[in-house]
Amino acid sequence: MTQVRPADPISAALRRLREPGFAHVGHLVVVRDGDTVAARAFGVRGLDEPADVFSVTKSVLATVTLLAVRDGRVSLDATLGELLGKRVPLARRDATVRHLLSMTGGAHCGGLEDIDRVMEQPGSWVDALLAVPGRYPPGEVFCYDNGAAHLLAAALQAATGDIAELAAATVFDPLGVAAWRWPRDPEGVPWGFGGLCLSPLDLARLGEAWRTNALGLGPLLAQATTAQSAGGPPENVPYGWLFWVCRTAGRFAYMAAGWAGQYVLVVPEEALTIVVTGEPEGLRPGSGSGLTVARDLAAALVAEQAR
């Protein structure tokens, strides 16, 4: 009887990503035990070319914030009122850095559409976001809120100085991330909700830094990647501190995620980081999920190792 050898998991994933339903997927990078075992570009953008990583920006902001917490430059319990002063309305003054990290700041939020409207307004984005009315007491209800991430960026910048420079000194330079861009609002605050431009290979460097604790965050990173709430849309898995938390191949995992299919999936127990990127112009109704392919690939690699 002839035995059929199981398909190589990475080859199978690469074939799947060439199917028409995944035309928007730009790249796949797989790092296992510290070695890059796959790095493929499917379109014209190279693996080392930066592009907007959308809400993956939030996980980078969390990293910069927690490094500032570790170094005593800001407290998790510092409030918007303390950090931004009299410009903060009374109803928003008690929201803390911790609340903003966990998306439990209490503001009425509508996600991408709200931040788009704010960006179209003349004047201060920060003041426009602070004027959004509170809906719940801080710390009680998760609501995915692009505005909260930008307020966190503004509050962190008020406490520490330019956060793009801080990111360069504490994250990008130590990891060898040289080609990056981070747009700023009219007051000079780097966008907290998205817009950061990084390459697929640099996303893999970030994922590996999170996995190996290369930046020395220790227990703060463990808290950030522990479910603080049941989460909700858009990923519909539990939420930590600007990271999504999930199970993959039966193992604990966490991810940074962004619109149009940007994912950095980390499975610490398997020493595995998988990066999938998406190109917005390739999105179509019914496009497949690169995250599904990444999670299926992780499961196949785990099963292969167990054989």
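Is Arg-205 buried, partly exposed or exposed, and what is its relative accessible area? Arg-205 is partly exposed, at 37%. That value, like every other here, comes from a predicted model.

## Salt bridges

The count of salt bridges comes to 13. Three of them are set out below.

| Pair | Closest N and O atoms | Accessibility of the Arg | Accessibility of the acid |
|---|---|---|---|
| Arg-184 and Asp-162 | 2.9 Å | Arg-184, 38%, partly exposed | Asp-162, 23%, partly exposed |
| Arg-205 and Asp-202 | 2.3 Å | Arg-205, 37%, partly exposed | Asp-202, 5%, buried |
| Glu-270 and Arg-251 | 2.9 Å | Arg-251, 24%, partly exposed | Glu-270, 10%, buried |

Arg-184 pairs with Asp-162. This bridge links distant parts of the chain, 22 residues apart. Arg-184 sits in the loop between helix 8 (163-175) and strand 4 (197-198). Asp-162 sits in the loop between helix 7 (146-160) and helix 8.

Arg-205 and Asp-202 share an element. Both lie in helix 9, residues 200-212. Three residues separate them in sequence, about one turn of the helix. Asp-202 has a relative accessible area of 5%, so it counts as buried under the 20% limit. Arg-205, at 37%, falls between 20% and 50% and is therefore partly exposed.

Glu-270 bonds to Arg-251 through a salt bridge. This pair, too, links distant parts of the chain, with the two positions 19 residues apart in numbering. Arg-251 belongs to strand 8 (residues 251-258). Glu-270 lies in the loop between strand 9 (262-267) and strand 10 (272-278).

## The network around Glu-270

Which residues join Glu-270 in a network of salt bridges? They are Arg-32, Arg-251 and Glu-269. Glu-270 has contacts beyond its sequence neighbours. With residues up to four places away left out, it touches Arg-32, Arg-251, Val-302 and Gln-305. Arg-32 and Arg-251 thus appear in the contact list and in the network. Glu-270 is buried because its relative accessibility, 10%, is under 20%.

## Strands 1, 2, 9 and 10

Strand 10 pairs with strand 9 and with strand 1. Five bridges connect strand 9 to strand 10, and the two run antiparallel. Within that pairing, Val-266 has Thr-273 as its bridge partner. The two strands form a hairpin with four residues between them. Ala-271 takes a positive phi there, near 50 degrees.

Strand 1 meets strand 10 in the antiparallel sense as well, over seven bridges. His-27 is matched with Thr-277 of strand 10.

Strand 1 (residues 25-32) is also joined to strand 2 (residues 35-41), by six bridges, again antiparallel. Leu-28 stands opposite Arg-40 of strand 2. Here the hairpin has two residues between its strands. Asp-33, in the turn, has a positive phi of about 55 degrees.

How many residues of strand 10 are buried? Seven of its seven. In a regular strand, side chains alternate between the two faces of the sheet. In strand 10, both faces are covered. Leu-272, Ile-274, Val-276 and Gly-278 lie on one side. Thr-273, Val-275 and Thr-277 lie on the other. Two of these residues already appeared as bridge partners: Thr-273 for Val-266, and Thr-277 for His-27.

## Helix 2

Helix 2 spans residues 56-70 and holds Thr-63. Is Thr-63 buried or exposed? Thr-63 is buried, with a relative accessible area of 1%. Leaving out neighbours within four places in sequence, its contacts are Val-171, Trp-210, Leu-215, Leu-217 and Phe-243.

Helix 2 also packs against helix 7. Their axes come within 11 Å and cross at roughly 30 degrees. Angles under 35 degrees count as roughly parallel, so helix 2 is roughly parallel to helix 7. The crossing is left-handed.

Which residues of helix 2 meet helix 7? They are Lys-58, Leu-61, Val-64, Thr-65 and Ala-68. Helix 7 contributes Asn-146, Ala-149, Leu-152, Ala-153, Leu-156 and Thr-160.

How values were computed: Residues are numbered from 1 along each chain as its sequence is written. This is a predicted model: local features need pLDDT of at least 70, side-chain atom pairs count only at pLDDT 80 or more; totals for chains, interfaces and linings use all residues. Side-chain values use heavy atoms; hydrogens and water are left out. A salt bridge is a side-chain nitrogen of Lys or Arg within 4 Å of a carboxyl oxygen of Asp or Glu. Buried means under 20% relative accessible area, exposed over 50%, partly exposed in between (1.4 Å probe, protein chains only). Contact means heavy atoms within 4.5 Å. Two strands pair if DSSP finds at least two bridges between them. Axes are lines fitted to C-alpha atoms, for helices over the stretch in contact, and angles run from 0 to 180 degrees between N-to-C directions. Angles under 35 degrees count as roughly parallel, over 145 as roughly antiparallel, 65 to 115 as roughly perpendicular and the rest as oblique. A crossing is left-handed if the near helix is turned anticlockwise from the far one by less than a right angle, and right-handed if clockwise.
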